[in-house]
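Visitor: I'd like to poke at the labels people put on a model like this one. Can you walk me through a few?

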Amino acid sequence: MYQSHRDEQYVGEPCYGDGSVYASPPSRTRRRMIIAAASLAAVLAGGVSVDRIAAVRAESRTAKAFQDGMGTAGRPSVHVRGFPVLNQLAAGSLDHVDLTAHDIPAGGSTRPLPVTKLTVGMDGLKTSGSADEAHADSVTATAFLSYADVSSALGVRVSQGDESGRVDATASLPLVGDVTVSAAVSAADGNRIAFTDVRAEQGELLPPLKSLLDRALDEPLPLQNVPEGLRLRSVTTSEDGIDARFTGRSVTFHPDSSSA
């Protein structure tokens, strides 16, 4: 018996027989749109890769400039914010850069105090000029000072106090004993940390111990390894150390840039 050729069904038509549907291939216009979209995606992906390479190079250069300027043993970690970075580099200034450095040595002081950890946020970081320096329009920074380093600098044992914003300082001498006093910490002029409102906490304040504590606490403790242009605004205490917060405008990181 003769059977008509109606077995092929097209999308959008009713199903007959076994219900199979025939899908026609995409039209020429649709194929061109697919190819164009794929090409655009490839171009964008390539652009992102190139931009990221530029960002990595800018981060490496900034890390080197900071390491050379501050004398850190290890390279700090640096992250360039914003996209695209290539446009920022072309303009000669990075919008925002975050930097974290550890174990910044101290020098040039009778009571050297290293910075255990320094976190820096820089706006308007210039990308032109010398490779061994970095200049930023404005900077915010926090220097963490461990109690172990503070104790070494002062010559007495320093720990967290019972109240916020205060530390305990313990002086010890052979055959004399120990005495502990509490002191408030605050920001002083010249990027220094002051110890005020000293109160006896434990032990007898014998003359030799009082003399030792006076030498440690009477004069503010200078932060000598802070980039020039940064100014100490506030200090707070924590369980492990002291946080010193700085701000500054037109700050340059370069060799011998630490403030005195």
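**Asparagine 191 and its sheet**

Guide: Let's start with a side chain: that of asparagine 191 reaches the backbone oxygen of leucine 230 at 3.0 Å. This is a predicted model, so local features need pLDDT of at least 70, side-chain atom pairs count only at pLDDT 80 or more, and totals for chains, interfaces and linings use all residues. Residues are numbered from 1 along each chain as its sequence is written, and side-chain values use heavy atoms, with hydrogens and water left out.

Visitor: What makes the approach to leucine 230 a polar contact?

Guide: The cut-off is a pair of N or O atoms within 3.5 Å, where, within protein, one must be able to donate a hydrogen and the other to accept it, and sequence neighbours count only if both atoms are side-chain atoms. At 3.0 Å, the pair with leucine 230 passes. A polar atom of the asparagine 191 side chain also lies 2.8 Å from the backbone nitrogen of leucine 232.

Visitor: Why is asparagine 191 called buried?

Guide: Buried means under 20% relative accessible area (exposed is over 50%, partly exposed in between; 1.4 Å probe, protein chains only). Asparagine 191 has 4%, so it counts as buried.

Visitor: Where does asparagine 191 lie?

Guide: In the loop between β7 (177-188) and β8 (192-202); strands here are DSSP runs of E, at least two residues.

Visitor: How do you know that β7 and β8 pair?

Guide: Pairing takes at least two DSSP bridges between two strands. β7 and β8 have eight, in the antiparallel sense, and arginine 192 in β8 is the bridge partner of alanine 188.

Notes:
Helices (H or I, at least four residues) and strands (E, at least two) are DSSP runs, numbered from the N terminus.
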